[in-house]
Structure formats: structure tokens, C-alpha cells
Amino acid sequence: MRLQAAVLLCLASVAPAADLFRDDFSRYPPGWLSTPVGLLNAAIQEYHYLPHRGVPLSPWVNPIVHDDTWIVSDENGKPYLEQHAVNARAKEYNPLFITGDEEWADTTVEVKLKPLSFDHFAGLVYRYRTNRHYYFFGLASGKLARLAVRQPFDKQFRTAGWREISSAPFPYDVRRYYTLRVENDGPKIRAFIDGKLILEATDDELLKGKAGVAANAPARFTDFAVTAGDATLQQIRTRIAAREKELAQLRATNPQPKLWKKFDTPQYGAGRDVRFGDLDGDGRIDMLFGQNIPRVRGDAFSQLSCLTAVTLDGKILWQLGRPDPRNGLLTNDEPFQIHDIDGDGKNEVVLVRDFQLQILEGATGKLRKAEWMPRMDPALKERPYELNSGDSIAFLNLSGAKHRSEILVKDRYKFFWVYSSDLKLLWQGSGQTGHYPYPYDADGDGKEEFMLGYTLWSHDGRPLWSHDTELRDHADGIVMGNFSGDPNAQPMVYACGSDEGYLLFDREGRILKHLRIGHAQSPSIARYRTDLPGLQLMTVNFWRNPGIVTLFDHKGNILKQAEPVPHATPLLPVNWKGDGQEYAMLSGNPREGGLLDGELRRAVMFPDDGHPDLAYAVANLTGDPRDEIILWDTKSVWIYTQDRPFSGHRIYAPVRSPDYNESNYRTTVSLPAWKQLP
């Protein structure tokens, strides 16, 4: 038969003893293995879960999930995998196609490679830990055999870090296949081309990991294989079995997700464009679904087209605009929130719609007040409208009042405006604003300052310090606070700065740490590790190195790093057990999702019961302080709670970032607190 099935390593494997994995790529249909997402660019995978963007790839993974670089076809009746794209950002990253297990060690990795270009490189990947940390052996620049290690941290902005191990002259042709083989024996590496030893080295930076292929220019691959001796194979199996046993024991100690409620969202459903709050005044949380229509280009000027207020029983409270499922997804923020803006105990909806900043009655959606948005700056290069359409909304306490009543509205990514609760413009500012502000009373006077981008703004509109002009990519997520566990410690500023990576500032704005870990975003701060003082920050990468999750302590030291899935996620903290340790949510997918613990293990998994997994949120809905998890797509909402009651007299009840400052990009903070039970 032409189909040569891949042989995956498992305990019940019936494969030949020396084979860990073997594939000729005939499993895939001819054509692109992924396709563009249309108007919604690949950024949809920053905070939505997509199982794939074309062809299911298992047991392989395309780690650079936002790139459509891999196709399959046949040559003389034989299937091949081809990297078909010219990578315009080759100095920053390279396409990869990866399979296997992190416990693969002391293996031989082999592939047949036909380079189709003399530009850049193509070859084997092995000892793969993340898409920023692996070994490479291949052909480069038309004339070299190259052995190198991709480094996890870059020394220069948007320049991939490589450590060269060895190279040798090797002129090659684009009209034939070469058989590349790498033998690993502990730190020893022997690299062959067509059976001839080309390079030999000893290097122990990584000793085990997954395997695959890489190419930064067009190239074809076939007959991929990973093999090992019988003793090595048994050692790998033993390590995997021990890991899976430990994981099963961990999961068994946790409450399991149990379906609490579900309802359909016909026509009005949305992706991660939903707000939570009590709209009808009955003391229970409701959902407000936003639909939007992109305008001009991409996601820079989308505007709300429909709002639908719904109880958690699926009852529609009110609806503004015409619903259409085509308008349910987005790759940006939308300027609408639920908040008691006037302090009367009843929530309003504050939004920008049709170039107006508006306040709606929460229970009915009736318009209470509106003001026109400011004019767009005449100096802007892209100025499709006379008035600003808004990007996101946040509430601040700049006046020292009892609650946050000032409204900050920003564009994407330069200007912002601060309004009073009755929509009077108080002042405005500009800078490299990033995605979303973080309010914090830094001087203890009862009036909040706020971080926006890399600038700390005073309550009356003065920049107290700024790195906006120095740092070259915007702040995806930023936060200020004392997360050390010592009440006398000074607050710090933590930034996940896109391609600038991770930054730690002191209170006066001095940069204490700057680690280029990749395109860092979607941070959260919570008690992920109970054995350490203070709280921890968890962040995930996206553009050019998706899915790498990094856990930091409050001093900016890396505690753990892994690549659980090849996409991003909001990484919301989940108080699942009530015992003081929180988990971080990946997604609701029963195979690739789940809740991560502080060791970046999937401690809780979701049942494979047909639930939606496009988007999620976390909220306390059923009574005790433990969280429920809301999963939804454009068609339905399913809500999960724990399958067992809490046992004990003291339950963890953390204080969270408020629902009224919701954003797809904010830093979610979960501060420790406890509640006594009868």
C-alpha cells in the first residue's frame, strides 16, 4: 500500500523494536495543510482556540501556527512535505514541523531532504524543547552543512539567537534528495549526509526532546524516521509511563469539571467579545455578547454591530442592532463594558458606538447619555474617519472617589482620552499606548495613577516616567503592584512587551530586567506556586514563537518554561480547588486544553462531551468562592463547575481584576484572600 502509517510511541505499541516514529507524509491530502483565516487574520489564535486551520495535523504540529508554510504533494508518485514559503522575517524565526515526545533521547533522526533554494537553511530538528530552543542539522546557503542550537533568549531585538556548534563545506544541488541523519548518544552528536559522517560534536545544552524538520526557504522532505536501540526504547517508554502515572494521580486529586448549565446563542453568538456583569439587578451575573463588523482593513477600525444581553439561563434581556453570525469573531478589543458608572447600585453599559461615547441603561439597553468622540489627529497617516471610533474602555479612580468613575477611552495604538462619569472630557494624552491600561494608587493618596504602554501617568494627566520612545514594540500586557508577599516591599511594574519580551521596572521606572523570551503577551498574576513567597507571573508567546508559556517569580526569575500548545491563550487564573493554589486555563479542548499548575502540567482536563471550546471565561457563579468555567463559541454556552463540594472551614477566595475592566489583552491579577466557612 502507498500509505505508510506513522508509528507513535506508546505502551501498547506493536511497532518494530527500533522504531519510535516513521512517516512518509502520505497521511495528508495534497495541498496546503493550513489556510488563512480571511478577514480575521491569524491573531484570532491569540485568545481563541482553533483545533486546526485546515487539515488536522496529528501526530505532527505546526508550531508557528500563524504561518501557512506547509503543503503536501507527490513527486514521481511519492508523497512529500514541502515548506513552500519565502520567510520575509527569516532573521527572527523559521517554520517548523514537529512530532514526538519530550522524553525522546539517545535517538537517531533521519529524513530525505531536497532543498529548492540556496537561500537560508533546511534540515532536521531534534532535542526540541520549544520553538525557540532546539538543535538543528541541515544544509545552508548553498554550500554548508550546519550544526547549531536555537537559543531561547534573543540578545538583539527581533533577531533570533543561534549558537553555532560546527559546520563544514558542503556544496549541494536543488535537483536531488539528500539523506540527513543525526545520531545522539548523550551529549555526543554525529551528523551524516548520504551515509557519510560530516560533523561530529559534543554538546549538552539539551539532551532530549521532540524531533522534526525546519526550513527558512522552500524545501521538500520525505521518509522521516526516529529510531533507537532496544534498551533506549525501553528507557523512553519507562520515563513516559512514569510521567503519565504521576499526571493521572495529580488529576485524580482534583475535582473534575461537571456541566452546570448550557444554552444556545442563535444568530447573536460571538467569540471572545463578551462582557460579564449583573445587568437586570437580580444579583446574578449576566452575559453581554458583542458582534462587530471590521472596517477599512484588518482589525484596526472594527465597530460594534449588535449587542445582546442574556441571563445565564439563555433568556434574552435586550438586543440592539441586527445579529448575524458572520460578525461574531474578532482579533481586537471592542470598546464596551458593564459598570455602575454613577454609583447608584445599578450597572450601566458604557460603549463607543457610531463614533459616540454612550451610556446605556443596563437592564434595558436604553440610551441615557452620549457625546461625540474626539476628532482624529490630522497628522495620522491612516485617517479614514474624521472622528475616532475607539478601541477599548477602562474605568479609573482619578478623583479619589469611592469607586472608579472616570472613563479612559483609547485608540489603537497612540491616543487616549479621560472622561468624567457624565462624559465630560477631562484631559487627553498620547504615547505608545499598547493595548490596555492598569490603574494603581502608586503614591497612596487615594487617587489612582495608571500604566498605559510604558508610561506611568498621574491622576491629573502628567507622565511621571516613560520608556515609550525607547522600547520598540508595544506593551501587550502591563501591571503594577507589590506581589512579593512582603507588605513593606515597593511596588514593581511588570510588562509583557510583545517582541520586547519580559520587562521588570522599579517604582521610578528603572529597568531591572529585560529578557527577550519572544513575543510575550496575555500575562496573569496569581498564586500558582504555594511553595514560594509572593505571587507568580505567567505569560504566553504568540507571533513568531507561539504557545511558549513562561512562569516568573515576583523578582523576574524564570521558574519554568514549556510549550503546551502552538497558540496563545488569555491564561486566566482559576481558583478550582479552594486550597490556596490557583491554576491557569489553556482552553476547554479535551485534548489540548485544560488547567495548568505551577509546574506547567495539565492538572485538570475537560470531558470530551461535545462542548464548545472556542473561547472561555472564569467567574464565581454557584455560591462558594471556587470558580466556574464558561466555555462558548458562536453557537452555544456551556458552564462547568466542580463535581464535588468543598471540604473544610477555610476556603481560598482571591480578589480578582474587576469584570468592568475586561480586555482581550489585560493583565489579570488574582490577589490572595480567604473566607471562613461555618
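**Exercise 1.** In this predicted model, determine whether Arg176 counts as buried, partly exposed or exposed, and describe the salt bridge that Arg176 forms.

*Solution.*
Step 1. The relative accessibility of Arg176 is 36%. Buried requires under 20% and exposed requires over 50%, so Arg176 counts as partly exposed.
Step 2. The salt-bridge partner of Arg176 is Asp194, and their closest N and O atoms are 2.5 Å apart.
Step 3. Arg176 belongs to the loop between strands S11 (162-169) and S12 (178-185), while Asp194 belongs to the loop between strands S13 (188-193) and S14 (196-202); the pair therefore ties together parts 18 residues apart in sequence.
Step 4. Asp194, with a relative accessible area of 39%, is partly exposed.

**Exercise 2.** Determine which residue meets Arg272 in a salt bridge, and whether Arg272 is buried or exposed.

*Solution.*
Step 1. The side chain of Arg272 meets that of Glu662, at 3.9 Å from N to O.
Step 2. Because Arg272 lies in the loop between S17 (257-264) and S18 (274-277), and Glu662 in the loop between S50 (655-656) and S51 (668-671), the pair ties together parts 390 residues apart in sequence.
Step 3. Arg272 has 6% relative accessibility and counts as buried; Glu662, at 12%, also counts as buried.

**Exercise 3.** State the strand order of the open sheet of four strands and identify the strands at its edges.

*Solution.*
Step 1. The order is S22-S23-S24-S25, with antiparallel pairing.
Step 2. S22 (336-339) and S25 (367-372) each have a single partner strand, so they stand at the edges, with one side lacking a neighbour in the sheet.
Step 3. S23 (residues 348-353) and S24 (residues 356-361) pair over six bridges.

Methods:
Residues are numbered from 1 along each chain as its sequence is written. This is a predicted model: local features need pLDDT of at least 70, side-chain atom pairs count only at pLDDT 80 or more; totals for chains, interfaces and linings use all residues. Side-chain values use heavy atoms; hydrogens and water are left out. Two strands pair if DSSP finds at least two bridges between them. Helices (H or I, at least four residues) and strands (E, at least two) are DSSP runs, numbered from the N terminus. A salt bridge is a side-chain nitrogen of Lys or Arg within 4 Å of a carboxyl oxygen of Asp or Glu. Buried means under 20% relative accessible area, exposed over 50%, partly exposed in between (1.4 Å probe, protein chains only).
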